[in-house]
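Welcome, and please open your viewer. We will go from one selection to the next, with a short note on what is there at each stop.

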Amino acid sequence: MARIEYVGHATVFVDLDGVRLLTDPLLRNRVAHLRRATPVSARAHRGLDAVLVSHAHYDHLDLPSLEKLGKKLPIVLPRGLGGLLRKRRFESVVEVDVGEAIRIGELEIRAVPAEHDRSRGPFGVSADPLGYVISGTRTVYFAGDTDLFEGMSELGPVDVGLVPIWGWGPGLGGGGHLDPVRAAEAVARIQPELVVPIHWGTYFPIHLGLIGRPGFVDVPPVEFLAALKEKSPDTRAEILRPGESLELDAG
């Protein structure tokens with residue numbers, strides 16, 4: 001049995017073969033100028049075996065959220081970012097490059113490419129961004145934050161694809177992201193049996209929500225499903241709102 005919970009943004013709880021993983025933890029109700037649309041699910045904090053971090057950006061490598069999880073928990077992240085955590089006295093930091101694989105319990109975690117900005121701001125650390133393929137009785141691909149890239153089709157097929165489709169505002173801003181149409185193209189290349197869209201519906205700028213929840217928060221999955229029907233009609237999609245989960249039978 002496998003369980004997937006979309007905690008919100010790029011944070012996903014994956015419970016597979018007795019191993020509990022959390023991706024890119026962002027567990028705060030307010031982050032700088034952003035407000036969370038729904039409260040953080042407390043279920044995703046408990047009994048974790050490891051954390052997977054995809055890249056250096058503040059909304060994916062969030063130090064306050066990692067500290068909330070405890071400094072003994074193993075954290076897997078791109079090579080070059082480990083020093084940032086060791087300075088904060090995290091005790092179990094594992095740095096990986098594309099192509100490297102590690103084992104956590106019954107699972108193999110393989111680092112795979114991602115196409116995204118590698119820096120943590122003008123004066124911060126930088127490292128090549130990653131995705132991860134989690135392999136056990138099921139295979140789960142966590143894309144992190146990425147755009148389309150050459151060789152993406154070599155990542156699949158997988159059982160479950162956790163694919164970003166948006167961001168936190170009414171627009172995506174700069175490059176290096178998948179919008180709903182490009183996310184559907186990514187799915188067509190990877191060919192997961194099931195896709196769960198992530199990186200949508202979680203945060204919005206405070207000034208855009210002064211009179212209520214902004215409508216744009218809920219639009220991305222509608223556009224994604226329409227594009228998926230055209231580009232990869234045989235792929236099953238499961239839309240989870242932050243805090244919702246699904247269970248899969250063992251592969």
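**First stop: strand β14**

Select residues 194-198, which form strand β14: five of the five are buried, so the strand is largely enclosed by the rest of the structure. Here, buried means under 20% relative accessible area, exposed means over 50%, and partly exposed lies in between (1.4 Å probe, protein chains only). Strands (E, at least two residues) and helices (H or I, at least four) are DSSP runs, numbered from the N terminus.

A note before you go on: this is a predicted model, in which local features need pLDDT of at least 70 and side-chain atom pairs count only at pLDDT 80 or more, while totals for chains, interfaces and linings use all residues. Residues are numbered from 1 along each chain as its sequence is written, and side-chain values use heavy atoms, with hydrogens and water left out.

Now show the side chains of β14. Which residues point which way? L194, V196 and I198 point one way, V195 and P197 the other, and all are buried.

**The neighbours of β14**

Add residues 160-164, strand β13, which pairs with β14 in the parallel sense over five bridges. Two strands pair if DSSP finds at least two bridges between them. To find the match, look for V160, whose bridge partner in β14 is L194.

Next, add residues 236-237. This is strand β16, and it pairs with β14 in the parallel sense over two bridges. L194 turns up again here, with R236 as its bridge partner in β16.

**On to a hairpin**

Select residues 101-104 (β9) and 107-113 (β10), which pair in the antiparallel sense over four bridges. A101 has R110 of β10 as its bridge partner. Two residues lie between the strands of this hairpin, where G105 takes a positive phi near 60°.

Keep β10 in view and add residues 130-135, strand β11: the two pair in the antiparallel sense over six bridges. Look for I109, which stands opposite I134 in β11.

**Zoom out**

Finally, show the whole protein. How many helices and strands does the protein have? Its secondary structure comes to four helices and 17 strands. The C-alpha atoms fill a box of roughly 45 × 45 × 35 Å along the principal axes. Of the 251 residues, 54% count as buried. Try colouring by contact (heavy atoms within 4.5 Å): among contacts between residues at least 6 apart in sequence, 63% join residues at least 24 apart.
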